[in-house]
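Visitor: I am new to this one. Could you walk me through it, a step at a time?

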Amino acid sequence: MDFDNTSEVPLPKDPLGMIIGQDKAVEIARIAARQRRHLLLVGPPGIGKSMLAKAMAYYVQKPTQEVVVAHNPQHPERPFVFVRTAKDIREHEVIEKKAQGKIVSPEQVPPFVSERLGFRCSKCGAMSSSDEAICPECGEFKLNEREQSSPFSDLLSQVFNVESYYPEEEVHVTEIDETGREEIVIYQRAGGMKVRVLDSEAFKSLTRLEKLKKSKVLVPLKRNTFVQATGASETELLGDVRHDPWGGMPEAGGTPPYQRVVPGAIHEAHEGILFIDELPQLGKLQHHLLTAMQDKYFPISGMNPTSSGAMVKVARVPCDFIFVGACNTNDLGDILPPLRSRILGSGYEVLLETTMSKTKQNIEKLAQFFAQEVILDARIPHGTRGAVEELIKEAEKRAYEVDDVRNALTLRLRDLGGVIRLAGDLAKLEGSQFIEPKHIRGAIKNSRSVEQQLVDKYGNIWRGQAKDHSSSHIISNEKSAKGYA
Ligand SMILES: Nc1ncnc2c1ncn2[C@@H]1O[C@H](COP(=O)(O)OP(=O)(O)O)[C@@H](O)[C@H]1O
Ligand SMILES: [Mg+2]
């Protein structure tokens with residue numbers, strides 16, 4: 001190891017390069033990401049399963065689709081679903097822009113239009129705000145009496161002795177365009193001295209927009225390609241339709257069904273990676289997961305049968321994800337056999353390593369690990385070369401104690417990372433510039449798990465546990481003797 005402290009250790013730029021001692025798994029993960037294959041990672045806790053799944057997400061192509069749910073006017077409880085590509089989204093923005101029409105000044109529209117909108121004085125032709133009834137230029141009433149739009153104007157002017165002023169909000173004009181075709185152009189007052197001009201193209205865009213307005217983006221284009229689900233709840237995994245006390249009737253103040261649709265992790269992982277840690281804990285949900293993997297579509301409906309959401313169902317919501325599951329070796333039997341055969345059929349099962357042989361190269365890998373952990377933690381100092389050597393001794397000891405392998409280094413790196421962090425805290429407390437060997441030794445002493453502490457104290461775990469039981473037993477007997485029970 002040619003460095004004085006771990007700040008000099010070169011780090012990989014590649015996220016998969018940060019994973020130590022799992023060369024086979026890393027290679028397969030790389031292929032799985034590129035070829036979109038499923039993956040099952042098997043092994044004890046703290047050896048890099050989650051890390052591997054997350055790193056894979058860097059190698060997955062960026063999403064190209066956005067998933068949208070839309071109002072179904074014929075059957076609101078069966079909202080439509082469709083995908084939009086980046087190109088569609090750009091086109092939509094163009095439509096939105098077109099639908100705004102053109103904003104011009106009153107001078108730029110035909111005089112009779114600006115007159116009827118209340119800008120132009122029909123007497124002298126001067127322009128003024130449409131809020132003013134009297135022309136500030138000639139002092140006359142601006143509107144042309146013959147074109148007064150209110151049928152009550154005569155009556156009103158008699159009763160109140162004022163001339164009523166009702167300029168029009170909007171004037172429709174049939175115009176002939178350059179190609180000789182007739183088209184309707186709409187001129188609208190747009191606040192201040194502004195007129196909005198909507199030609200037929202803008203009008204078409206507006207109608208399209210009106211239809212699209214009743215839609216909601218379920219899964220946006222810009223999203224994370226890594227989605228983790230715990231399987232703690234069905235709705236988290238498969239989505240839901242929220243309850244609405246007004247039965248989804250907008251007339252009654254309710255929220256329409258399509259707006260209450262919530263995507264599940266399987267939908268959010270569309271085009272990306274769905275990671276499920278402790279896969280066997282999914283239990284029966286594994287069936288649904290399998291269906292989603294086979295069909296690449298999964299409906300969303302309200303999960304709570306007593307909720308108004310239960311009446312809503314969105315069919316065929318896309319969920320084309322790469323599945324990465326993780327589990328302990330002991331729990332393999334709790335994974336649904338068809339799910340495993342699906343993974344094997346279009347992907348890989350990988351058993352992760354728990355130790356690596358003690359070679360020069362692997363010793364350097366552990367130095368890299370030390371440096372990585374310091375940087376990831378961001379609050380502890382780097383370690384000296386001596387500290388790394390001390391950690392390597394511990395890694396070798398653990399490979400033997402835990403996994404019964406000699407001349408090897410442990411890959412149960414979460415625990416070893418804990419040692420580094422604790423040592424870092426000790427160094428920091430002392431105001432030391434680096435983590436020194438003594439800090440590593442101190443941390444090892446303090447970071448022993450309760451099981452290890454039992455071994456230290458009683459020689460083995462079981463004797464310690466037996467003692468625990470008997471002592472509580474004695475206490476309860478004493479209590480009952482005193483009449484507590
Ligand atoms: N193979 C590894 N290479 C580098 N760091 C690791 C490795 N395994 C575990 N670690 C460290 O331990 C932490 C926890 O690992 P994690 O991937 O969550 O383990 P698992 O999912 O297998 O329980 C990681 O964030 C990392 O700091
Ligand atoms: Mg994990």
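Visitor: Which order do the strands of the antiparallel open sheet of 4 strands have?

Guide: Keep in mind that this is a predicted model. The sheet is open, and its pairing is antiparallel. The edge strands, each paired on one side only, are β4 (102-104) and β5 (170-176). From one strand to the next the twist averages 30 degrees. The order is β4-β7-β6-β5.

Visitor: How many bridges join β5 to β6?

Guide: Strand β6 covers residues 182-189, and β5 and β6 run antiparallel. Glutamate 170 stands opposite glutamine 188 in β6. The number of bridges joining the two strands is 7.

Visitor: Which order do the strands of the open sheet of 5 strands have?

Guide: Here the pairing is parallel. The edges are β9 (226-229) and β16 (347-351), each pairing on one side only. Direction ignored, neighbouring strands are turned by 15 degrees against each other on average. The order reads β9-β12-β15-β1-β16.

Visitor: Which residue of β12 is the bridge partner of phenylalanine 226?

Guide: Start from β9 and β12 (residues 273-276), which pair in the parallel sense over 4 bridges. On the other hand, β12 is also joined to β15 by 4 bridges, again running parallel. One residue of β12 has a bridge partner in β15, namely isoleucine 322. The partner of phenylalanine 226 is that residue, isoleucine 273.

Visitor: Which residues of β12 are buried on its two faces?

Guide: In a regular strand, side chains alternate between the two faces of the sheet. Both faces of β12 are covered. One side has Ile273 and Phe275, and the other has Leu274 and Ile276. The buried residues are Ile273, Phe275, Leu274 and Ile276.

Visitor: At about what angle does α2 run to β15?

Guide: Helix α2 (49-56) lies across β1 (38-42), β9, β12 and β15 (322-327). Another helix, α10 (residues 337-345), lies across β1 and β16, running at about 105 degrees to β16. For α2 and β15 the angle is about 170 degrees.

Visitor: Which residues come nearest to ligand 1?

Guide: There are 19 residues around the ligand. The elements giving two or more residues to this shell are α2, α11 (360-377) and α13 (413-430). The nearest residues are Gly48, Lys49, Ser50, Met51 and Arg414.

Visitor: How many residues of the shell around ligand 1 are charged?

Guide: The shell draws at least three residues from each of domain 1 (6-21 + 354-447) and domain 2 (29-87 + 214-351). By type, 10 of its residues are nonpolar and 6 are polar. The charged ones number 3.

Visitor: Is alanine 427 buried or exposed?

Guide: Alanine 427 lies in helix α13. Its contacts beyond four places in sequence are Ile380, Pro381, Ser432, Phe434, Ile435, Glu436 and His439. With 25 other C-beta atoms within 10 Å, where 20 or more are needed, alanine 427 counts as buried.

Visitor: How far apart are the C-alpha atoms of alanine 427 and glycine 383?

Guide: Along the chain, these two residues are 44 residues apart. In space, their C-alpha atoms are separated by 9.4 Å.

Visitor: What is the phi of arginine 36, roughly?

Guide: Most residues other than glycine have a negative phi. Arginine 36 is not a glycine, yet its phi is positive. Arginine 36 sits in the loop between α1 (23-35) and β1. The value is about 55 degrees.

Visitor: Is arginine 36 buried or partly exposed?

Guide: A residue is buried with 20 or more other C-beta atoms within 10 Å, and exposed with 12 or fewer. Arginine 36 has 15, so it falls in between. The answer is partly exposed.

Visitor: Is glutamate 271 buried or exposed?

Guide: Glutamate 271 is found in the loop between α8 (265-268) and β12. Glutamate 271 has a positive phi of about 70 degrees, although it is not a glycine. There are 22 other C-beta atoms within 10 Å, so glutamate 271 is buried.

Visitor: What share of the residues in the protein chain count as buried?

Guide: The chain has 16 helices and 18 strands. Among contacts with a separation of 6 or more, 66% come from residues 24 or more positions apart. Of the 485 residues, the share that count as buried is 33%.

Note on methods
Residues are numbered from 1 along each chain as its sequence is written. Chains are lettered from A and ligands numbered from 1 in the order in which they are written. This is a predicted model: local features need pLDDT of at least 70, side-chain atom pairs count only at pLDDT 80 or more; totals for chains, interfaces and linings use all residues. A residue is near a molecule or strand if its C-beta atom, placed from the backbone, lies within 6 Å of it. Ala, Val, Leu, Ile, Met, Phe, Trp, Tyr, Cys and Pro count as nonpolar, Asp, Glu, Lys and Arg as charged, and the others, Gly among them, as polar. Domain bounds come from an automatic or database domain assignment. Two residues are in contact if their C-beta atoms, placed from the backbone, lie within 7 Å. Two strands pair if DSSP finds at least two bridges between them. Axes are lines fitted to C-alpha atoms, for helices over the stretch in contact, and angles run from 0 to 180 degrees between N-to-C directions.
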